[in-house]
Amino acid sequence: MIMELTLEKKLQGFQLVAQEKLQAILCSIPGKKELILEPALIKPLEHVCTASWLKLKGIQRIYKHDAKQSLPRAADEVHIYMIRSLLGTYQTLLRQLQPLAMVETPDVSLKMYHIICVPSCYTYYQTLLEQAGLWGLVQLHHYNWDLIYFDQGVLSMELPNLYECLYLQGDSSPLPAVAQSLRLLQMICGPPAVILSFGSHSAQLLQMLQALGKLPESSSPPDYGGWLIIDRDKDYPSSLLTPAIYAGLLLEVFQQRAGEIVVDNSKNKISSQRVELLQSKQSSKGASSKPISVRLNSASDEIYGDNRYKHFAQASSWIRAQVKALGLELQKLNDMQLEEMHDYVARKLPKLTELKAKVLRHLNASEIVIQMLGNFRRLQALEEDILNNVSRKRLLGEIDELLTTDGQRYNTLRLLCLLHHCAGVAPEELQIFARNYCNMFGHRELGVFQQLAQAGLLPQLLPEKKAPTKLLANLPLPKFQQTEFQANANRLKLLTSCGDGPDGAASSKEVQSCPSFVFNGTYIPLVAQLCSILLRANTAEELSTKLAMIEGMQLHLDSSRQTTPKAYAAQQKTQPPGPAAASSGAEADVFPLRLRNLFVFVVGGANYAEIAACDFISKLTGAHITVASDSLMAGSDLIAAAFSN
């Protein structure tokens with residue numbers, strides 16, 4: 001427990017590193033400084049520093065950047081803009097600064113405009129600056145806050161456009177910034193004995209990490225025994241399935257901003273994605289109430305901490321029981337004597353009032369979740385049938401029916417993507433669905449299907465033919481035809497209907513003793529199963545037995561050598577056992593892991609179902625697992641990225 005606390009303190013220390021890096025930029029700029037922030041950066045920056053800290057570093061005023069209206073500048077003021085490293089945002093800002101810089105004739109040595117790009121300032125930004133006629137007038141900086149600590153075992157880089165860049169655009173330019181952040185993690189927590197990677201982007205990330213050079217020598221022992229880095233597209237079902245846990249469903253319904261959700265009775269993620277005709281029918285009660293923020297941090301909100309990874313039904317029942325218990329506690333005031341009442345009001349009442357406010361916030365949130373999800377059991381049954389490829393024709397019919405009756409822009413597409421990933425969708429079937437979808441939401445959305453095909457979530461949408469093409473839709477695929485997902489899911493025992501629980505340890509009927517509880521007992525997230533395999537493997541041979549059949553798995557050892565689990569096991573077999581191996585200079589088997597702490601990084605967005613499943617594995621094995629990613633996403637966010645591209 002002492003080691004765990006030390007590790008958590010180290011992870012929270014990323015804030016100090018981020019402050020030092022920001023201070024170095026701000027203190028290098030002379031003059032009266034005003035900071036203009038892109039709205040999307042405000043919440044993440046609050047995790048780095050406060051407004052008072054910024055004022056101590058010379059910032060006199062802080063503004064929210066308005067892309068439509070430029071901010072006037074006094075002659076002695078320096079404007080510092082902080083924006084995300086997005087080409088569109090950068091070009092908009094240059095267009096805004098162009099007329100301002102042209103009317104002034106400043107001394108070029110005194111740069112009155114500065115742009116801080118988060119997390120990278122790409123080389124071509126300088127070229128665009130010159131083309132805009134602003135070279136020499138505007139100074140560019142780059143700033144990376146690395147990993148932001150959200151909660152125990154949860155870190156995020158808050159780069160929400162990384163999935164879009166990598167999987168939809170095929171643009172790997174954000175990866176170097178991620179590699180530098182992981183390098184910093186190695187400097188703070190030490191290099192692991194072994195890294196298991198799965199996916200092309202993960203392998204590329206580790207190549208960049210290696211290219212950054214050898215780490216400086218450290219006297220302190222490493223904090224992590226192993227790392228697991230995995231691409232998002234290697235386990236799409238964990239994002240596409242609807243989670244059954246409290247934290248997961250909060251993100252499904254409410255907008256998340258840097259570890260906080262906004263509970264708004266008038267609108268949320270589900271109501272806003274419904275077709276307009278159905279939006280009016282789903283009007284929420286109490287729509288006039290002010291939106292409130294709920295921080296997803298167990299230290300600052302004990303109600304969230306007690307319920308975050310519980311099944312939603314269990315969590316919502318507990319919250320309602322707490323409301324009743326607090327009501328009874330406050331009624332005790334009526335039966336107290338005057339002196340007792342004074343003591344109670346002075347000592348206990350403020351804490352109870354604060355606790356009651358937190359409980360009521362969560363009660364409101366849980367009621368909105370229940371209202372928005374509607375027939376949740378039907379949705380879960382449909383998702384389970386999709387996972388197991390049961391009655392293909394009926395599944396397509398149910399998804400089409402949900403499109404008509406529920407009209408959700410993202411979540412209906414999400415079900416079709418899940419069906420394609422688990423069982424395969426024929427181009428003819430996609431044509432029929434795309435026609436119905438465009439009739440519902442407008443033909444301008446046709447390009448979304450190409451974007452989802454680029455990410456591997458759907459097949460390519462082909463031109464429609466006049467010949468009859470309904471044969472495949474009417475004939476279910478033979479049971480022996482397995483998709484790649486089903487083959488890997490069976491090998492790794494991810495589907496609880498096809499085998500046991502984590503690494504063969506628990507039955508699917510005992511939902512609470514298996515990490516599949518995050519999806520109501522139907523599916524084990526891949527990252528959780530791989531963590532279980534890494535922690536339980538006693539030898540390289542044992543690891544190879546479980547992972548050898550999975551194509552694309554790579555082991556990266558302490559000596560920067562890359563190999564496969566099978567090749568590593570074969571190498572260990574040829575080495576002499578015990579002390580003889582050490583005397584011959586051969587590498588000892590890293591399994592079992594001497595240090596039972598794991599760091600998991602998902603390239604392209606993690607979700608709370610994966611985090612909860614890893615937390616379950618850590619408690620089951622007595623290990624400590626930290627889950628990090630470029631952002632925390634719900635399944636609808638994954639689909640929404642295709643619309644914004």
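This report describes the fold, the largest pocket, selected helices, the cysteines and some backbone features of one predicted model.

**Overall fold**

The chain holds 645 residues, of which 54% count as buried, and its secondary structure comes to 30 helices and 16 strands. When contacts between residues at least 6 apart in sequence are considered, 78% of them join residues that are at least 24 apart.

**The largest pocket**

The largest pocket in the model has a volume of about 1300 Å³. Its lining is made up of 47 residues, and those closest to the centre of the pocket are Arg84, Pro160, Asn161, Gln255 and Gln256. Two or more lining residues are given by each of the helices α3 (39-46), α5 (87-103), α6 (123-131), α7 (162-168), α12 (269-273) and α30 (635-644), and also by the strand β10 (255-257). Among the contributors, α3 supplies the largest share of the lining, with 7 residues. In chemical character the lining residues of this pocket divide into 23 nonpolar, 13 polar and 11 charged.

**Helices and their surroundings**

Two helices can be checked for length against the expected rise of 1.5 Å a residue. Helix α17 (residues 349-373) has 25 residues and should therefore span 36 Å, and its end C-alpha atoms are indeed 36 Å apart. Helix α21 (residues 427-441), with 15 residues, should span 21 Å, and the distance of 20 Å between its end C-alpha atoms agrees with that expectation. Each of these helices is followed by a glycine with a positive phi: Gly374, just after α17, has a phi of about 65°, while Gly442, just after α21, has a phi of about 110°. The buried residues of α21 are Glu429, Leu430, Gln431, Phe433, Ala434, Tyr437, Cys438 and Phe441.

Helix α11 (residues 246-253) is largely enclosed by the rest of the structure, because 8 of its 8 residues are buried. These buried residues are Tyr246, Ala247, Gly248, Leu249, Leu250, Leu251, Glu252 and Val253, so that Glu252, whose side chain belongs to the charged class, is listed among them.

Helix α10 (residues 237-240) contains Ser238, a residue that is buried, with a relative accessible area of 2%. Once neighbours within four places in sequence are left aside, Ser238 is in contact with Arg232, Phe519, Tyr523, Pro525, Leu526, Asn607 and Glu610.

**Cysteines**

How many disulfides does the model contain? With a cut-off of 2.5 Å between cysteine sulfur atoms, the count comes to 0 disulfides. Two cysteines illustrate how this comes about. The sulfur of Cys117 has its closest cysteine sulfur in Cys121, at 4.4 Å, and this is too far for a bond. For Cys531 the closest cysteine sulfur belongs to Cys614, and the separation of 4.3 Å is again too far for a bond. Cys117 is buried, with a relative accessible area of 0%, and Cys531 is likewise buried, also with a relative accessible area of 0%.

**Backbone features in loops**

Two peptide bonds that precede a proline are cis, and two residues other than glycine have a positive phi; the table gathers these features with their places in the chain.

| Residue | Backbone feature | Loop |
|---|---|---|
| Pro119 | cis bond from Val118, omega near 0° | between β4 (113-118) and α6 |
| Pro592 | cis bond from Phe591, omega near 0° | between α28 (579-583) and β15 (597-603) |
| Asp146 | phi near 60° | between β5 (138-142) and β6 (148-151) |
| Asn520 | phi near 60° | between α24 (484-491) and α25 (526-536) |

Are the residues with positive phi in the table buried or partly exposed? Asp146 is buried, with a relative accessible area of 2%, whereas Asn520 is partly exposed, with a relative accessible area of 33%. The loop that holds Pro119 runs from β4 to α6, and α6 is also one of the elements that give two or more residues to the lining of the largest pocket.

Technical notes. Residues are numbered from 1 along each chain as its sequence is written. This is a predicted model: local features need pLDDT of at least 70, side-chain atom pairs count only at pLDDT 80 or more; totals for chains, interfaces and linings use all residues. Side-chain values use heavy atoms; hydrogens and water are left out. Buried means under 20% relative accessible area, exposed over 50%, partly exposed in between (1.4 Å probe, protein chains only). Helices (H or I, at least four residues) and strands (E, at least two) are DSSP runs, numbered from the N terminus. The expected span of a helix is 1.5 Å times one less than its number of residues. On a 1 Å grid over the protein atoms alone, a cavity is a set of points where a 1.4 Å probe fits but cannot get out, and a pocket is an open set with protein on both sides within 12 Å along at least five of seven lines; lining residues have an atom within 4 Å of a point. Grid points are joined across faces, edges and corners, and a volume is the space filled by probe spheres set on the points. Contact means heavy atoms within 4.5 Å.
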